[in-house]
Amino acid sequence: MQLLDKNMSALYRASTWGWSPTRKREELVLPGMCIARVMDSTAPGQLAGFCTYLIDDEDGDQVLYCYELQVAATARGLGLGRRLLQHMMSVARATPGVRFLMLTTFQANPSRGFFERCGLAIAPSSPDDADYLIMRCPITPTVAATHDTPGHSPAPQSQ
Ligand SMILES: CC(C)(COP(=O)(O)OP(=O)(O)OC[C@H]1O[C@@H](n2cnc3c(N)ncnc32)[C@H](O)[C@@H]1OP(=O)(O)O)[C@@H](O)C(=O)NCCC(=O)NCCS
């Protein structure tokens with residue numbers, strides 16, 4: 001929550017949403033919410049970055065919705081943000097039925113350039129007249145696994 005506060009509270013306060021740590025805490029424990037954290041090896045107990053996400057339905061499409069992607073100011077520019085995004089893309093690709101990775105960001109957030117650099121674009125559902133926008137990128141599923149293990153049926157073989 002400290003990192004989120006440092007990185008985002010000013011942007012939230014300047015927006016129509018306002019800043020509510022309580023709402024953010026509630027988001028973190030939504031059913032199905034996943035979190036990936038990376039600790040700063042040079043500062044014991046400090047987070048270098050984290051992301052939170054869940055699989056959800058958006059207008060009839062299964063999506064991986066990224067709720068947070070946060071890198072500490074001291075750890076930026078080293079590729080960690082991209083790695084966390086790639087982690088979410090890997091999960092999305094390996095989750096049957098997921099078609100997009102999506103997120104919401106403020107128009108005023110300079111991080112929008114990062115998302116564009118990493119292949120996201122403005123989603124058709126993004127509003128024209130709001131202070132936030134919705135971005136997404138399509139997900140190409142991982143080639144179907146053919147493990148002969150319980151719960152994994154081998155792909156049908158053509159004769
Ligand atoms: C956005 C953020 C996650 C990027 O993390 P990072 O670890 O510094 O990014 P990376 O080092 O992985 O950068 C990956 C690429 O994006 C580029 N990039 C990073 N930030 C950028 C920005 N603000 N605008 C344009 N490009 C950017 C990098 O130059 C790099 O480019 P390359 O492909 O040429 O190497 C980080 O700045 C952050 O936490 N910001 C504050 C929180 C925030 O706004 N999160 C998003 C909420 S929706």
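**Figure 1. The whole chain, element by element.** Four helices and six strands make up the chain, and the model shown here is a predicted one. Reading from the N terminus, the elements come in the order α-α-β-β-β-α-β-α-β-β. The chain has 159 residues, and 17% of them are buried. If you look at contacts with a separation of 6 or more, 52% are between residues 24 or more positions apart.

**Figure 2. The sheet and its two edges.** Here are the six strands in one open sheet, ordered β1-β2-β3-β4-β6-β5, with mixed pairing. The edge places go to β1 (34–39) and β5 (121–122); each has a single partner strand, so one side of each has no neighbour in the sheet. As for the pairings themselves, β2 and β3 are antiparallel, with ten bridges. Next along, β3 and β4 run parallel, with five bridges. Then β4 meets β6 (residues 132–138) in the antiparallel sense through seven bridges. Finally, β5 and β6 are antiparallel too, joined by two bridges.

**Figure 3. The β2–β3 hairpin, zoomed in on D59.** Two residues sit between the strands of this hairpin. One residue to look at in the loop between β2 and β3 is D59. Its backbone has a positive phi of about 50 degrees, even though D59 is not a glycine. Is D59 buried or exposed? D59 has 8 other C-beta atoms within 10 Å, so it counts as exposed, the cut-off for that being 12 or fewer. On the strands themselves, E58 stands opposite D61 in β3.

**Figure 4. The nonpolar core.** The largest nonpolar core holds 18 residues, and L64, Y65, C66, M88 and L101 have the most contacts inside it. Which elements give two or more residues to this core? They are β2 (47–58), β3 (61–71), α3 (80–93) and β4 (98–106). The biggest giver is β3, with five residues. The helix in this view, α3, lies across β1, β2, β3 and β4, and runs at about 160 degrees to β3.

**Figure 5. L101 and what it touches.** This view picks out one of the core residues with the most contacts, L101. Leaving out residues up to four places away in sequence, L101 touches V63, L64, C66, M88, M89, A92, R136, C137 and I139. One of these, C137, is also the bridge partner of L101 in β6.

**Figure 6. Bridge pairs along β3, β4, β5 and β6.** This close-up follows a few residue pairs across the sheet. Between β3 and β4, which pair in the parallel sense, V63 stands opposite F100. Between β4 and β6, which run antiparallel, F106 has Y132 as its bridge partner, while L101 has C137. Over at β5, A121 stands opposite R136 in β6. That R136 turns up among the residues L101 touches as well. In a regular strand, side chains alternate between the two faces of the sheet.

**Figure 7. P138, in strand β6.** The residue in this view belongs to strand β6. How many C-beta neighbours does P138 have inside 10 Å? There are 11, so P138 counts as exposed. Not counting residues up to four places away in sequence, P138 touches R99 and F100. For P138 and F100, the C-alpha to C-alpha distance is 4.4 Å, although 38 residues separate them in sequence. The F100 seen here is also the residue opposite V63 in the β3–β4 pairing.

**Figure 8. The shell around the ligand.** In this last view, 19 residues surround the ligand, with R76, G81, R82, S111 and G113 the closest. Which elements supply at least two residues of the shell each? They are β3, α3, β4 and α4 (112–117). By residue type, the shell splits into seven nonpolar, nine polar and three charged. Three of these elements, β3, α3 and β4, also give two or more residues to the largest nonpolar core.

Methods:
Residues are numbered from 1 along each chain as its sequence is written. This is a predicted model: local features need pLDDT of at least 70, side-chain atom pairs count only at pLDDT 80 or more; totals for chains, interfaces and linings use all residues. A nonpolar core is a set of buried Ala, Val, Leu, Ile, Met, Phe, Trp, Tyr and Cys residues joined through C-beta atoms within 7 Å. A residue is buried if 20 or more other C-beta atoms lie within 10 Å of its own, exposed if 12 or fewer, and partly exposed in between; C-beta atoms are placed from the backbone. Two residues are in contact if their C-beta atoms, placed from the backbone, lie within 7 Å. Two strands pair if DSSP finds at least two bridges between them. Axes are lines fitted to C-alpha atoms, for helices over the stretch in contact, and angles run from 0 to 180 degrees between N-to-C directions. A residue is near a molecule or strand if its C-beta atom, placed from the backbone, lies within 6 Å of it. Ala, Val, Leu, Ile, Met, Phe, Trp, Tyr, Cys and Pro count as nonpolar, Asp, Glu, Lys and Arg as charged, and the others, Gly among them, as polar.
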